[in-house]
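Work through these exercises with the structure open. Try each task before reading its solution.

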Amino acid sequence: MTHPRVLVAEDDAQLRDLLVETLTRWDYDVTAAGNGDEALTLLDGRLFDVALLDMWLPGKDGLQLLEEIKRRDAALEVVMMTGDPMVSNAVHALKAGAYDYLIKPLNFEELRPLMSQLIERRFLRQEVGSLRARLGRELAERELVGTSPQMREVKQTVASVATSDAPVLIEGESGTGKELVAAAIHRQSPRAKGPFVPVNCGAIPAELMESEFFGHVRGAFSGAVSDAPGLVRSARDGTLFLDEVAELPLALQAKLLRVLQEKEVRPVGSAKTHSVDVRIIAATNRDLDATVASGRFRQDLYYRINVVRIVVPPLRARREDISALALAFLRRFNERFRREVRGLTPDALAALMAYDFPGNVRELENILERAYAFGAHGEITMANLPPLGATLAPEAGAPPGTIPTVEEAERQLVARALQHYDGDKEQAARALGLTVRTFYRRLRKFGLK
């Protein structure tokens, strides 16, 4: 059984040693630091369940350390300790995200039940997160991770525009997290209780686009056996997210512009219009100005959707966020794979920090998921990472530099695990964290033997 991990930051060596000894006796895995800077170093690439912080630490004081911890890992529970109680400090600490505030000399009879309560709280949070994921709300609940200046600017813009109904255009390379930004705007908006409907505009066949967007009535065309509301009406009182909006054909752009202007839709095959109340958020990985100039995107629609513009930076431009992003993925994969990976070794983290990530955050997620799929335990090491001079191998025949889809990467992992264990399906399934039945389903799905 894995012991809960506790970080103790206390400059009083005698008290620090006493805390380490006592918490270890209570079956906690304890790591100690004597100042704020040392504590921050220990937090790089490692997961903790609880942190006990002295209010007055050399270097970064406890409040500064608390704020930095919450920026890096909001799920980490923090308890402040001080021998100089002041109401203003207590209020500040609790507002900054501390769970509780202990007065020195510490009462260990009070500390023990508090620690149990914090671990139970962590467990319940994980259970709630698991339930939300199973209900399909994982995307809407996922926070934007990062404290770099670029991401702070993105978060500030999200907070500013969320309360209005203005259309938003999100720009950024593939894999930067544009859909997460859109979901964050929706979550913070007055429409949060309404639906968030993401649409990949490049994935809908051209002949089905009008029906998919605006709906149809029964008998409108061959195969229309019943009425369908369409994506726009499905997002009523909520948010419609148009991903890869530059892929829309010109004919549909004109009809979408009419919907935005008139706030009503007419299903295919119907003479009746339906009023719609929906917020539009669009995203693209293209230079939309150039697309407009080339005549492939309507200028009037461009002005309609580009009321507020948010540019999501590539991961190589915010390397300081890699550690926090990696920890967020480790928490998610620990739950999915039922593992207890504690973090990354310093050399593995350094390798990730030095890599350019042409596939951005999605590629980082892919790399760490691959490590779990191949059986990583304890810590992610260099041996768990692919060669980082290039991205994960694309499918045969794919253009150079192509990032594989999750399905392509999964097929590669299943095939390699099967080859590694000389066709032993039970061993391959265990290495990938799958049941044997699920592994056999994957083999059938990918046509492997």
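**Exercise 1. The open sheet**

In what order do the strands of the open sheet of five strands lie, and is their pairing parallel or antiparallel?

Solution. The model is predicted. Begin with the order, which is β7-β8-β11-β6-β12. The pairing is parallel. Next, find the edges. They are β7 (196-200) and β12 (308-311), and each of these strands pairs on one side only. Last, check the twist. On average, neighbouring strands of this sheet are turned by 20° against each other, direction ignored.

**Exercise 2. One strand pair and the helix across it**

Describe how β6 and β12 pair, then find the helix that lies across them.

Solution. Strand β6 spans residues 168-171. Its pairing with β12 is parallel and runs over four bridges. For one of the bridge partners, take E171: its partner in β12 is V311. Now look for the helix. Helix α7 (residues 149-162) lies across β6, β11 (279-284) and β12. Its direction is at about 155° to β12.

**Exercise 3. Helices α2 and α3**

Decide how α2 and α3 are oriented to each other, and list the residues that meet.

Solution. Locate the helices: α2 covers residues 36-43 and α3 covers residues 62-72. Their axes are 11 Å apart, and the packing angle is about 10°. Angles under 35 degrees count as roughly parallel. Therefore α2 and α3 are roughly parallel to each other. Then list the contact. From α2 come G36, A39, L40 and L43. From α3 come L65, E68, I69 and R72. Sort these residues by type: five are nonpolar, one is polar and two are charged.

**Exercise 4. Helices α3 and α4**

Do the same for α3 and α4, starting from their axes.

Solution. Helix α4 is made of residues 87-95. The axes of α3 and α4 come within 10 Å and cross at roughly 10°. So these two helices are also roughly parallel to each other. On the α3 side, the contact uses L63, L66 and E67. On the α4 side, it uses N89, H92 and A93. By type, the contact residues divide into three nonpolar, two polar and one charged.

**Exercise 5. The two sides of α15**

Which residues of α15 are buried, and which exposed residues sit on the face turned away from them?

Solution. Helix α15 runs over residues 346-354. Its buried residues include A348, L349, A351 and L352. Seen down the helix axis, the buried residues fall within an arc of 155°, so they line one face of α15. Turn to the face away from the buried side: P346 and A354 are exposed there. Finally, ask what covers the buried residues. The cover includes α14 (322-337), β13 (343-344), α16 (360-373) and β14 (379-380).

**Exercise 6. The setting of T82**

Is T82 buried or exposed, and what does it touch?

Solution. Place T82 first: it belongs to strand β4 (residues 77-82). Its relative accessible area is 1%. Buried means under 20%, so T82 is buried. Now list its neighbours, leaving out residues up to four places away in sequence. T82 touches D54, M55, W56, Y101, L102, I103 and K104.

**Exercise 7. The whole chain**

How many helices and strands does the chain have, and what share of its residues counts as buried?

Solution. The chain has 19 helices and 14 strands. It has 449 residues, and 47% of them count as buried. Now take the contacts between residues at least 6 apart in sequence. Of these, 70% join residues at least 24 apart.

Definitions and conventions. Residues numbered from 1 in each chain as written. Predicted model: local features only at pLDDT ≥ 70, side-chain atom pairs only at ≥ 80, totals over all residues. Heavy atoms only, no water. Axes fitted to C-alpha atoms, helices over the stretch in contact; angles between N-to-C directions. Parallel < 35°, antiparallel > 145°, perpendicular 65-115°, else oblique. Contact = heavy atoms within 4.5 Å. Nonpolar A, V, L, I, M, F, W, Y, C, P; charged D, E, K, R; others polar. Pairing = 2+ DSSP bridges. Buried < 20%, exposed > 50% of the residue type's maximum accessible area, 1.4 Å probe, protein only. Arc of directions from axis to C-beta.
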